[in-house]
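Open the model in a viewer and keep the sequence panel visible. The stops below are given as selections, each followed by what is found there.

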Amino acid sequence: MWPVWSQTNQTSNRLCSCFLKMACQGLQKGETLATLKKECESLKKKLEEDRGKLNDVELHQVAEKVEVVGALSIKTRRVLKGHTNKVLCMDWCKDKRRLVSSSQDGKVIVWDGFTLNKEHGMSMPTTWVMACAYAPSGCAVACGGLDNKCSVIPLSLDSNENCAAKKKTVAMHTNYISGCTFTNSDMQLLSCSGDGTSALWDVESGQLLQSFHGHTSDILSLDLAPSETGNTFVTGGCDKKANVWDMRSGQNIQSFECHESDINCVKYYPSGDAFASASDDATCRFFDLRADREVAVFQKDSIVFGASTVDFSLSGRLLFAGYNDYTINVWDVLKGTRISMMFGHENRVSRVRLSPDGTALCSASWDNTLRVSRSFPHE
């Protein structure tokens with residue numbers, strides 16, 4: 001549908017080598033920092049021109065004859081109350097029933113999404129617990145925040161047991177933890193931080209396996225490619241960039257700089273061939289990795305508040321985006337149009353996540369609650 005991005009590799013590689021020379025080597029004879037910066041800008045401009053030549057068609061043009069998504073009936077089925085301050089993050093367990101949330105109140109809570117019971121409530125040594133994630137096995141959760149640490153907490157079947165006492169510090173950054181996720185096993189953990197780096201850790205030993213450097217400011221979000229053999233992940237941050245990384249080499253293999261403000265969230269498309277981003281510039285954008293470019297922008301003149309979080313429906317046809325005006329907008333990914341709005345929260349929506357089976361949407365908010373909604377007829 002779109003041209004492959006490899007045709008721009010030559011220019012991109014030259015640009016990378018130029019940056020590496022500036023960062024790692026002394027100046028060669030006749031070179032100055034100003035001349036290297038000028039060459040970098042020239043190469044970046046040429047790269048954009050080469051990308052533009054390959055830009056043959058927009059996504060909404062390809063989808064003109066695709067059937068329009070019908071009316072959606074999305075209703076809130078559960079409201080989870082228990083946090084006493086802003087809910088900053090949440091994640092589903094793969095059993096499609098339990099979920100974990102973290103809050104500015106310093107608490108991490110494991111919920112039963114069916115009964116609303118709190119299975120575990122754990123106090124962390126810091127407020128602003130900004131990241132949390134369920135392990136693939138469902139037997140542990142990871143969390144981190146302003147203490148610059150990411151900890152893994154084993155879960156017990158006994159709800160009276162003090163799980164927090166068993167927590168183990170796995171990751172250490174030099175600034176706050178903004179995101180974390182397990183890889184495809186409980187044994188490795190990815191983290192990102194306000195120190196501008198992301199890192200891969202061994203859970204058992206706490207050893208740093210790989211570090212990833214490329215952002216020039218705080219990283220606010222990361223997401224792992226949705227494949228059992230996937231070795232890439234994407235990050236977004238305050239430098240307005242979304243970077244794709246190879247976990248094996250530590251290299252930044254693709255970079256996108258289209259937003260005009262901080263990127264608050266990045267999320268892979270279900271196939272792993274694309275990803276979406278949400279930004280304070282009030283837009284969500286869709287990037288195709290094969291075409292090496294942005295292929296859709298989700299925006300309206302009436303939307304003036306920043307987008308804080310995004311997630312796809314199971315089929316990838318719908319994009320759910322949470323905003324700072326307390327709403328969740330539902331976008332048609334192919335046509336680029338807004339097809340529904342969801343209300344109910346009384347403060348910023350900090351996180352939206354689809355359940356693993358795609359039948360429920362959980363949203364976390366600064367109004368101290370989580371809301372579980374169903375259902376999505378077209379799926």
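Two strands count as paired if DSSP finds at least two bridges between them; strands (E, at least two residues) are DSSP runs, numbered from the N terminus. The model is predicted, so local features need pLDDT of at least 70 and side-chain atom pairs count only at pLDDT 80 or more, while totals for chains, interfaces and linings use all residues. Residues are numbered from 1 along each chain as its sequence is written, and side-chain values use heavy atoms, with hydrogens and water left out.

**First sheet**

Select E22, E23, E24 and E25. These four strands make an open sheet in that order, with antiparallel pairing. At its edges are E22 and E25 (338-342), each of which pairs on one side only. On average, neighbouring strands here are turned by 20 degrees against each other, direction ignored; the axes behind such angles are lines fitted to C-alpha atoms. Now reduce the selection to E22 and E23, an antiparallel pair with five bridges. Which residue of E23 is the bridge partner of Val310? It is Ala321.

**Second sheet**

Move to E18, E19, E20 and E21, an open sheet of four strands in that order, again with antiparallel pairing. Strand E18 (263-268) and E21 are the edges; each has a single partner strand, so one side of each lacks a neighbour in the sheet. The average turn between neighbouring strands of this sheet is 25 degrees, direction ignored. E18 and E19 run antiparallel and are joined by five bridges. Show Lys267 together with its bridge partner in E19, Ala276.

**Core**

Next, show side chains for Cys284, Phe286, Phe298, Val310 and Leu319. They have the most contacts inside the largest nonpolar core, which has 21 residues. Such a core is a set of buried Ala, Val, Leu, Ile, Met, Phe, Trp, Tyr and Cys residues joined through side-chain atoms within 4.5 Å, where buried means under 20% relative accessible area (1.4 Å probe, protein chains only). At least two of its residues come from each of E19 (274-279), E20 (284-288), E21 (293-298), E22 (307-312) and E23 (318-323).

Centre on Phe286. Beyond neighbours within four places in sequence, its contacts (heavy atoms within 4.5 Å) include Leu59, Tyr269, Phe298, Phe312 and Val333.

**Annotated repeats**

Finally, colour by the UniProt annotation "repeat: WD", from an unreviewed entry; among the ranges covered are 80-112 and 309-341. Annotations of this kind may be inferred rather than shown by experiment. Residues 80-112 are 0% helix and 61% strand, with end C-alpha atoms 10 Å apart. For residues 309-341 the values are 0% helix, 58% strand and 15 Å.

Notes:
Buried < 20%, exposed > 50% of the residue type's maximum accessible area, 1.4 Å probe, protein only. Axes fitted to C-alpha atoms, helices over the stretch in contact; angles between N-to-C directions.
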